[in-house]
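Trainee: May I request a close look at one part of this model, the protein surface near the DNA strand? Please describe what forms that surface and how it meets the strand.

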Amino acid sequence: MINKEIARIFREISEYLEMQEDSFRSKAYARVSRTMEETQEDVVQIYERGGKKEIENLPGVGKSIAEKIEEYIKTGRIAYFEELKQKEPIDISSLTAVEGLGPKKIKKLYNELGIKTLNELEVAAKEGKIRKLADFGDKTEQNIIKGIQFLKQSGNRLLLGSAYIIAEEIIAKIKQCKGIEQVGVAGSARRMKETIGDIDILAMIEKPEDASAVMESFVSLPEVINIYSKGATKSSIRLKEGMNVDLRILSQKSYGAGLMYFTGSKDHNIEIRKVAAKQGLKLNEYGLFRGNKQVAGDSEEQIYEYLGLQFIPPEMRENTGEIKAAMDNKLPRLIKEEDIMGDLQIQTNWTDGEHAIMDYAEAAIKKGWQYILITDHSKRLAMVGGLDEKRLREQGKEIDAVNKILANKGYNFKVLKGIECDIIKDGELDLADDALAELDIVGAAVHSYLNLPAALQTERMLKAMENRYVNIIFHPTARIINQRRAMELQMDLVIEAAFKSGIALEINAYPDRLDLKDEYIRKCVEKGVKLVINSDAHSVRHMDYLKFGVAQARRGWAKREDVANAWPIDKLFKKLKNDRKR
DNA sequence: GCCGTTTTCGGCCCGACTGTTTTCAGTCG
């Protein structure tokens, strides 16, 4: 996958151009860098499908940049970038990673002191050379030293699941401050991105004079190890966990505008501000203005409405067509957590799960669900005691017994018989067809040989999908966020096969999986491929993860109709099972 | 370098905070 590599090169080009004061061209490259970062489909595949023209369809990509992408695909390099690097051989990406250092300062450091690398920067700072430069001073030098220190100990972006917990803890503390009307999370956490860089928190206060006390208690939270900035309305800190948190304080009449601004995404905001500008309006984080007069701002709903747009849910705010859709009144009604009627992937103490079938059933009933599917591993996963045909049938008896007890208690609830059947290397399934035939719903998943080349891996997957008993492919790409790359799969072919066969693809809600990714989900939705959102619970408490899967589905523009486990049980059987074209 | 319901040329989101300076450039989001 070369998208990330191209993204990095364009980001560096952007920074070189910024050094040369070519700000607009720089922004053009920065924008395409973000696009490449977010594009899930391999740009090589896009190129193979439709050549340079197809690449130009990517937002922000024009003729010149499309040519550079083509050049990279063909030759593995971009001559323009090589020239820039040769002229000024600076390790820009490492240096800009230092908080407070940007292209202009880096340029000065290079010109005055010949600094090219992080190491040279650190040495110069520690030797006190930086403070002597014009426009630099003691503080800047200290901040550089600190910045390098933090850089060395900071790791990956945090999983949404973890960031959420941290944000909630901080919010709870801020809520206790005097004069606080409302506190909420904004930023990528509110957009429910799968990983989070910084946590953004927004607070509304009644009286402006309370602001400084709120800021004071924010920056003195016990977890704080650095204060980047502290102002009347905006402060920025770093937590022990290695995570940066911003707090912004707003008045009631600006809360909606601030929430919108702080939620992003950046590209969404830029586009929305352009929409405003076209109507002779100005949008900033304080409100929507005509001249000096505020015409909207206390709620997001009000701002979108004034601009003639439908309300755009935060998960959609990525500038990938949602603004146009909102303009045309064509936003989909996204799936909600309340729409979910059951969970179709649960591991019990028959294999590597923590709890018994009845425990999960009771928890599901509490959630108001109508069914769960029990899906322990199959025998190939010997490590966790995967079920063979015999034990699977024994488990079926326990499920029957649980259902009987629940029925006697008067619950309208059903435990369904399933399996997470291993797809072995050649695409065959791990269990015999006659055993699968006895189950209500069959899930299949890859757990081994994750490094096969794309063609082979795809062939394997398609072969498994030919099995007439398979209803769902679990965690289709097998990635683990921050740990393991997705399998190399030609997803277009997999999605096509799912469409033809009537097999559903899973959105696995486990925080470090979230597999399918949002972009693939959107392709499924466009194509009419059925989805399911499962917790992959190995414990009763994991069933709460479903909300992250729902969020991922929303980021992929999925509606209730697209998600099989948002359907009542009879429709679930009809559409997922009996409609399966065999 | 990109882009178009004012446009194929002339624009390009907007503001807070910091540090170094006497009015602002650089950085960040």
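Mentor: In this predicted model, the element that gives the most to the surface near DNA strand B is α14, with five residues. Of the 46 residues around the strand, those that come nearest are Gly-62, Gly-102, Gly-137, Lys-230 and Arg-273. By residue class, the surface near DNA strand B divides into 20 charged, 14 nonpolar and twelve polar residues.

The next point is which portion of the strand faces the protein. Sugar or phosphate accounts for 76% of the atoms of DNA strand B within 4 Å of the protein, and bases make up the rest.

Individual polar contacts with phosphate add detail to this description. A backbone N or O atom of Gly-60 is placed 2.9 Å from a phosphate oxygen of DNA strand B. Lys-104 has a polar backbone atom at 3.1 Å from a phosphate oxygen of the strand. For Asn-143, a polar side-chain atom lies 3.4 Å from a phosphate oxygen of DNA strand B. The elements that give two or more residues to this surface are the helices α2 (23–38), α4 (63–75), α7 (103–113), α9 (138–153) and α14 (266–278), together with the strands β5 (224–230), β7 (244–250) and β8 (282–284).

One further residue may be located by reference to β5. Leu-221 sits in the loop between α12 (211–219) and β5. Leu-221 counts as buried because its relative accessibility is 10%, and the cut-off for buried is under 20%. Beyond its neighbours within four places in sequence, Leu-221 is in contact with Ile-170 and Lys-173.

Conventions. Residues numbered from 1 in each chain as written. Chains lettered and ligands numbered in written order. Predicted model: local features only at pLDDT ≥ 70, side-chain atom pairs only at ≥ 80, totals over all residues. Heavy atoms only, no water. Near = heavy atom within 4 Å. Polar contact = N/O pair within 3.5 Å; in protein donor to acceptor, adjacent residues only side chain to side chain. Helix = DSSP H or I, 4+ residues; strand = E, 2+ residues; numbered from the N terminus. Nonpolar A, V, L, I, M, F, W, Y, C, P; charged D, E, K, R; others polar. Buried < 20%, exposed > 50% of the residue type's maximum accessible area, 1.4 Å probe, protein only. Contact = heavy atoms within 4.5 Å.
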